[in-house]
Amino acid sequence: MPLVRIDLNKGRTDVDVRAIADAVHFALVDEFHIPADDRFQIVTQHDHGEIIAGDAGLGFQRDLEVVMIHILTQSGRTEAEKQGLFARIAENLGRVGVAPQNVFIGYDENTPNDWSFGFGRSQYVTGELQTPAQRHLPEVGADAA
């Protein structure tokens, strides 16, 4: 259930925009094992000059094809899982023509009670939804021998 914002410069086709969104989503599905239909994305296209993305001192240049990604999700993933996600996003985006230096990812975590999926309720707090951690717990008695 991550919420993903993807910011792009204007000029890509609708097919290219969807391919970028799909590439990010399927990286989350593969690396974080979220359900494929658990998709919440906001894609915004900007006029040239509205996205400013330097190299952070790493010695490379981004171009107008930069893809800025902000992922907001629940806490609990390991550093290895996050690094795997970052690598998979870059790999998937490379397959749709985005150069690796043009992939920028910001990642934020919060808690289950920070989410409402509608109706003015926090469904993780009310119990209407199981948290991702609860979905991965073994069933009681599953390990009993």
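Lys-82 is a good place to start in this predicted model: at 11% relative accessibility, Lys-82 counts as buried. Its side chain is not without a partner, because Lys-82 lies in helix H2 and Glu-109 in strand E4 (residues 103-110), and the pair ties together parts that are 27 residues apart in sequence. The link between Lys-82 and Glu-109 is a salt bridge, with the closest N and O atoms 3.2 Å apart. Glu-109 itself counts as partly exposed, at 32% relative accessibility.

**Charged links**

How many salt bridges does the structure hold? There are ten salt bridges in the structure, and a few of them deserve a closer look.

One of them joins the side chains of Glu-65 and Arg-12, at 3.1 Å from N to O. Glu-65 sits in the loop between strand E2 (40-46) and strand E3 (67-74), while Arg-12 sits in the loop between strand E1 (3-9) and helix H1 (14-32), so this salt bridge connects parts that are 53 residues apart in sequence. Is Arg-12 buried or exposed? Arg-12 is buried, since its relative accessible area is 13% and the limit for buried is under 20%. Glu-65, with 39% relative accessibility, counts as partly exposed.

Another salt bridge brings together the side chains of Arg-88 and Asp-30, at 2.8 Å from N to O. Here distant parts of the chain are linked, with Arg-88 in helix H2 (residues 79-95) and Asp-30 in helix H1, 58 residues apart. Arg-88 is partly exposed, with a relative accessible area of 24%, and Asp-30 also counts as partly exposed, at 38% relative accessibility.

Salt bridges can also join up into a network, as they do for Arg-18, Asp-22 and Arg-39.

The three pairs described above are set out here.

| Salt bridge | N to O distance |
|---|---|
| Glu-65 and Arg-12 | 3.1 Å |
| Arg-88 and Asp-30 | 2.8 Å |
| Lys-82 and Glu-109 | 3.2 Å |

**Where H1 meets H2**

Now to the two helices that carry Asp-30 and Arg-88. How do the axes of H1 and H2 lie, and at what angle do they cross? The axes come within 8 Å of each other and cross at roughly 145 degrees. The crossing of H1 past H2 is right-handed.

On the H1 side, the residues that meet H2 are Ile-20, Ala-23, Val-24, Phe-26, Ala-27, Leu-28, Asp-30, Glu-31 and Phe-32. On the H2 side they are Glu-81, Lys-82, Gly-84, Leu-85, Arg-88, Ile-89, Asn-92 and Leu-93. The residues of this contact divide into ten nonpolar, two polar and five charged. Lys-82, where we began, is in this contact, and so are Arg-88 and Asp-30.

Val-29 is also a residue of helix H1. Val-29 is buried, with a relative accessible area of 17%. Leaving aside its neighbours within four places in sequence, Val-29 is in contact with Ile-34, Pro-35 and Ala-36. Gly-49 is 20 residues from Val-29 in sequence, and their C-alpha atoms are 32 Å apart in space.

**Aromatic rings**

A search of the whole structure finds five aromatic pairs. One of them is formed by Phe-40 and Phe-117, and this pair is tilted, with 5.7 Å centre to centre and 50 degrees between the planes. Phe-40 is in strand E2 and Phe-117 in the loop between E4 and helix H3 (123-126), so that distant parts of the chain, 77 residues apart, are linked. Phe-40 counts as partly exposed at 34% relative accessibility, and Phe-117 is partly exposed with a relative accessible area of 30%.

Why is the pair of Phe-86 and Tyr-107 edge-to-face? The ring centres of Phe-86 and Tyr-107 are 6.1 Å apart and the planes stand at 75 degrees, so the pair is edge-to-face. This pair, too, links distant parts of the chain, with Phe-86 in helix H2 and Tyr-107 in strand E4, 21 residues apart. Phe-86 counts as partly exposed, at 24% relative accessibility, whereas Tyr-107 counts as buried, at 17%.

Finally, Phe-40 and Phe-117 belong to one aromatic cluster together with Trp-115 and Tyr-124.

Note on methods
Residues numbered from 1 in each chain as written. Predicted model: local features only at pLDDT ≥ 70, side-chain atom pairs only at ≥ 80, totals over all residues. Heavy atoms only, no water. Salt bridge = Lys/Arg side-chain N within 4 Å of Asp/Glu carboxyl O. Helix = DSSP H or I, 4+ residues; strand = E, 2+ residues; numbered from the N terminus. Buried < 20%, exposed > 50% of the residue type's maximum accessible area, 1.4 Å probe, protein only. Axes fitted to C-alpha atoms, helices over the stretch in contact; angles between N-to-C directions. Left-handed = near helix turned anticlockwise from the far one by under 90°. Contact = heavy atoms within 4.5 Å. Nonpolar A, V, L, I, M, F, W, Y, C, P; charged D, E, K, R; others polar. Phe/Tyr/Trp six-rings, centres within 6.5 Å; stacked < 30°, edge-to-face > 60°.
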